[in-house]
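Hi,

Here is the structure I said I would pass on. Have a look at it first, and then read my notes below.

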Amino acid sequence: MDSPVGLWETIDDKTGKPTAVVGIFKENAKLFGRIEKVLTRDDQSAVCVACTDDRKNQPIVGMIIIRNIKADGSEYSGGDILDPDSGVVYRCKMHLEKNGSLLIVRGYIGFAFIGRSQTWHRRQ
């Protein structure tokens, strides 16, 4: 089975345009995701002003936005994802589709059926 480890282009669920490149890596049997590049603005040195945790005022490029995701059958869940634009931290689950070329990332507060999903595209 494919793994989400690798580079992904995040796609804005409202505009359908790529917004960032996130690198997903494995550490201690958990998955984490780091913003490698921002595609929506020229300013690669922007900081997360809206963040309220230890990521407040930290550079967005290089920031760990996905934390502590564990494999759960064909899904990955149990961790969280940060939206650096709003500063909101959501619970997160994800799964692969189309032979590992797409990653469906769902962020939610409370119940998984109340939230929003994004489809990320694997970078070659």
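A word on terms before anything else: a strand here is a DSSP run of E with at least two residues, and strands are numbered from the N terminus. With that in hand, glycine 107 can be placed in strand S7. I'll come back to that glycine further down. Please keep in mind that this is a predicted model.

The whole chain

How many helices and strands are there? The chain has zero helices and eight strands, so reading along the sequence gives β-β-β-β-β-β-β-β. The radius of gyration is 14 Å, close to the 14 Å from the globule rule for 124 residues, so the chain is as compact as a globular protein of that length. The C-alpha trace spans about 35 × 30 × 30 Å along its principal axes.

Some totals to go with that. Of the 124 residues, 37% are buried. Among contacts with a separation of 6 or more, 36% are between residues 24 or more positions apart. The accessible surface is about 7,000 Å², and carbon and sulfur atoms hold 51% of it. On the charge side, there are 18 positive and 16 negative charges, and their mean positions lie 2 Å apart.

The start of the chain: S1, S2 and S3

Strand S1 covers residues 6-11 and strand S2 covers residues 18-27; they run antiparallel and are joined by six bridges. One of the pairs to look for is glycine 6 with isoleucine 24 in S2. The two strands make a hairpin with six residues between them, and glycine 16 in that turn has a positive phi of about 75 degrees.

S2 also pairs with strand S3 (residues 30-38), again in the antiparallel sense, over eight bridges. Here lysine 26 has leucine 31 in S3 as its bridge partner. This hairpin has two residues between its strands, and asparagine 28 in the turn has a positive phi of about 50 degrees.

Valine 22 is a good residue to click on in S2. Is it buried or exposed? Valine 22 is buried, with a relative accessible area of 1%. Leaving out neighbours within four places in sequence, its contacts include Gly6, Leu7, Trp8 and Thr10, along with Gly33, Arg34, Ile35 and Glu36, and also Ile65 and Trp120. Valine 61 is 39 residues from valine 22 in sequence, and their C-alpha atoms are 9.4 Å apart.

The end of the chain: S6, S7 and S8

Strand S7 (residues 102-108) is the one I would look at next. Seven of its seven residues are buried, so S7 is largely enclosed by the rest of the structure. In a regular strand, side chains alternate between the two faces of the sheet. In S7, Leu102, Ile104, Arg106 and Tyr108 point one way, while Leu103, Val105 and Gly107 point the other way, and all are buried.

What does S7 pair with? On one side of the pairing list is strand S6 (residues 88-97), antiparallel to S7 and joined to it by seven bridges. Cysteine 92 has glycine 107 as its bridge partner there. S6 and S7 form a hairpin with four residues between them, and lysine 98 in the turn has a positive phi of about 50 degrees. Strand S8 (residues 115-122) is also antiparallel to S7, with seven bridges, and valine 105 stands opposite glutamine 118 in S8.

Back to glycine 107, as promised. This residue is buried, with a relative accessible area of 10%. Apart from neighbours within four places in sequence, glycine 107 is in contact with Ile81, Tyr90, Arg91, Gly115 and Arg116. Leucine 7 is 100 residues away from glycine 107 in sequence, and the two are 19 Å apart, C-alpha to C-alpha.

One more residue: aspartate 80

Aspartate 80 sits in strand S5 (residues 75-83). Its relative accessible area is 17%, and buried means under 20%, so aspartate 80 counts as buried. Which residues does aspartate 80 touch, once neighbours within four places in sequence are set aside? They are Ile65, Ile66, Arg67 and Ile69, together with Val89, Tyr90, Arg91 and Cys92. Tyr90 and Arg91 also appear in the contacts of glycine 107.

Over to you!

Note on methods: Residues are numbered from 1 along each chain as its sequence is written. This is a predicted model: local features need pLDDT of at least 70, side-chain atom pairs count only at pLDDT 80 or more; totals for chains, interfaces and linings use all residues. Side-chain values use heavy atoms; hydrogens and water are left out. The radius of gyration is taken over C-alpha atoms; the globule rule is 2.2 Å times the number of residues to the power 0.38. Buried means under 20% relative accessible area, exposed over 50%, partly exposed in between (1.4 Å probe, protein chains only). Contact means heavy atoms within 4.5 Å. Accessible areas come from the Shrake-Rupley method with a 1.4 Å probe; for residues, only the protein chains shown count as cover. Lys and Arg count as positive and Asp and Glu as negative; His and the chain ends are not counted. The place of a charge is taken as NZ of Lys, CZ of Arg, CG of Asp or CD of Glu. Two strands pair if DSSP finds at least two bridges between them.
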